[in-house]
Each structure stands twice: as structure tokens, then as C-alpha cells.
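Trainee: Before we look, I would like each term for the ligand site justified against its cut-off.
Mentor: Then ask for the grounds each time.

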Amino acid sequence: MASLSVDCGGLALRNPILSASGTFGHGLEMQHFAAPHSLGALVSKTVTLKPRPGNPHPRIAETEAGLLNSIGLENRGIEAYLRDVLPAMASADCAVVTNIGGEKVEDFAELARILHERSEVDALEVNLSCPNVQGGKLPFSTDPRVAQAVIRGVRAATNKPVFAKLSPNVTDIGDIARACEAAGADALTAVNTLLGMSVDWRTGAPGINTVMGGYSGVGIKPVALRCAWQCARAVKIPIIGCGGIGKASDVLEYLVVGCSAVQVGTSCFSDPSNIAGLAAEVASLLDARGIADVRALIGSIRAFAPSPACATAVGKA
Ligand code: SIN
């Protein structure tokens, strides 16, 4: 059976499948659907310094091809996370990644200092990219200088692996990727949700209370894949692909464009057990093609070359 283990910025993973923040509780809530040992890592919902009630309802709306959300980083704050969540994570049979968020640049470093002390946490994912908070201000990852300042602060606070989660809602994601790498990020998660909206033409009512929200799911895969590819070309640190992943072939596509691992998110809402089978399905696809190690696929994308039949047809036209 093909080897699936990968390294993600210093974090050794038994396989390249991670849960995406905000779609799987803090991780163990879902263990009866997806056993932790079937995953490379569990990524928590974003944790902030203070509790946050989140945005007014409705804050989830289905679309033809995915989901809109405007949760607003609802969570019970770091104290409750340390007290009620982390002790149980010590027994999770996979790596544990805590996703952190803040209202100001300094909040992230403060959270990193606190979590650095906790042995249950294997890595930090820095949420630079939630589109649903900050009073209409743009997320931290839309400005390379701000993204760099956040990651620099987190880097100074911990030597645990630091993943920077980037937004696709930017002109050149490569610029942001380079800024985070220069500030000391060990890996990049590409990407968070696209900014979107929906409306009912009959009532004129938007699908969610904040009108705009984060769009995720199968519809964003081509955009997210493009972002992951651009990041992989821009930096040397590993990329964790995220966006529209629900099948083993999606996982492999992200690896081919240069990702070392992936996160599975919106598909967990319709079937939280699906993620548990992905690693075995990836291994079968690799076995069927005689690929002994999943790492052989990472970054194996090649230039487009027309097939001989296509080239002949074009030549005749
Ligand atoms: C939210 O809580 O609003 C979503 C989290 C995110 O997009 O980072």
C-alpha cells in the first residue's frame, strides 16, 4: 500500500488529510463519524482571546454549488478552550492544530504565547483571512505588510509549526504568500472562503444577515486550486490546499499543483464521515497507478502539451 505520510512545515502527518477549521467542531465532537486516526490532523475552529457571540442570524445559506457563511468567529474564547477542549485533545490519535484569530495584530502573538505552553497543540494555524469580522475592515491577509506583522509576532512567540491561512480575495496571492514566508511561517493554508452573497429575487432578502459572507464548497475548487498553485510557485514552504475537496481525486489534484496536504471542509457538513475514508481512497488510487509514495505527486504538474491526435487535428485545420 502506498505510503501517505507527509511533512508539513515540521509537522509529521500520517496522511495528508486535515479537517478544515470551522467545519468539524474543535475535532473530537466528530469522532463518532470520523476517527482521528483516519486523519493527518484535526484543525480547531478559530479561537480568539475573548468569547465572541458571532454575527446575527441567518448566517448560513446554501447555494447551488456550496455554502455561504457569516459566522463571525463565534467561539468561547481561549480560557474555555484551554479548560474544556484541549485536555481531551491530548488523547486524539492524530496531530492537533489550533486555529487562532484576532481583532488586532497583537492578539495573535498573545494567543501564540498562551498556546506555546500547551503540549496538546502540535501546530498553530493563523486565521488571517476570515471575511466576516473586523467591522467591515478587510482581513489581515489582504495586505502583505499586515500579514507579515501578524506572522512575525506569532513566530516570535512560539517554535511550534505556524501555518498562515490566506484569503483568495486578493489581487496577487503570491505577494501575501511571500510576505508570510519572510515573516517565518512554516506553511501556508490556501485558501479560506471567497467573498460571496445570495439574494431571493421574490422577497429581495439576502441569504445571510450580513449580506456578504464566505463562499465555500465544490463551486470554489477551481479558484482555490489556482490560488494553491500560485502559492506553491511563490514560496518554498509547504502549501496546505483547501477549497471544494470531497473526493480522493480532489486531494490528488491539490498535491499535483504543489500542495503537501489538504483540508476538507464544507463537504463535512453534508457527510461528516466522508473525510474518514479519503486516505484509504487516495492510497488505492496511487496503488492502481503503481505510485509507492504520495510525495511523488507533490508539485508534479507539467506544462500543457496537446496529445498527438489533437496536434494533428489542429495542424489540419
Ligand atoms: C467565520 O467564523 O465567520 C468563518 C471563519 C473563517 O472564514 O475564517
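The turns below go through the ligand's contacts, its cover and its pocket.

Mentor: Keep in mind that this is a predicted model.

Trainee: What makes the pair between K45 and the ligand a polar contact?
Mentor: An N or O atom in the side chain of K45 is 2.7 Å from an oxygen atom of the ligand. The cut-off is 3.5 Å between N or O atoms, so the pair counts.

Trainee: How do you know that I71 and N132 make polar contacts with the ligand as well?
Mentor: For I71, a backbone N or O atom lies 3.4 Å from a ligand oxygen, which is within 3.5 Å. For N132, a polar side-chain atom lies 2.8 Å from an oxygen atom of the ligand, also within the cut-off. The protein covers 93% of the 260 Å² of accessible area that the ligand has on its own.

Trainee: Which residues are around the ligand?
Mentor: They are K45, N69, I71, G72, L73, N127, C130, P131, N132 and N192.

Trainee: Why is one residue of the shell called charged?
Mentor: The shell has four nonpolar, five polar and one charged residues. Lys counts as charged, so K45 is the charged one.

Trainee: What is the space taken by the ligand?
Mentor: That space is the largest pocket, with a volume of about 790 Å³. Of its 42 lining residues, the closest to the centre are T23, S216, G265, T266 and F269.

Trainee: Which helix supplies at least two residues of that lining?
Mentor: Helix 7 (267–270) does, as do strand 5 (60–63) and strand 6 (66–69).

Note on methods:
Residues are numbered from 1 along each chain as its sequence is written. This is a predicted model: local features need pLDDT of at least 70, side-chain atom pairs count only at pLDDT 80 or more; totals for chains, interfaces and linings use all residues. Side-chain values use heavy atoms; hydrogens and water are left out. A residue is near a molecule or strand if one of its heavy atoms lies within 4 Å of it. A polar contact is a pair of N or O atoms within 3.5 Å; within protein, one must be able to donate a hydrogen and the other to accept it, and residues adjacent in sequence count only if both atoms are side-chain atoms. Accessible areas come from the Shrake-Rupley method with a 1.4 Å probe; for residues, only the protein chains shown count as cover. On a 1 Å grid over the protein atoms alone, a cavity is a set of points where a 1.4 Å probe fits but cannot get out, and a pocket is an open set with protein on both sides within 12 Å along at least five of seven lines; lining residues have an atom within 4 Å of a point. A molecule sits in a cavity or pocket if more than half of its atoms lie within 2 Å of its grid points. Grid points are joined across faces, edges and corners, and a volume is the space filled by probe spheres set on the points. Helices (H or I, at least four residues) and strands (E, at least two) are DSSP runs, numbered from the N terminus.
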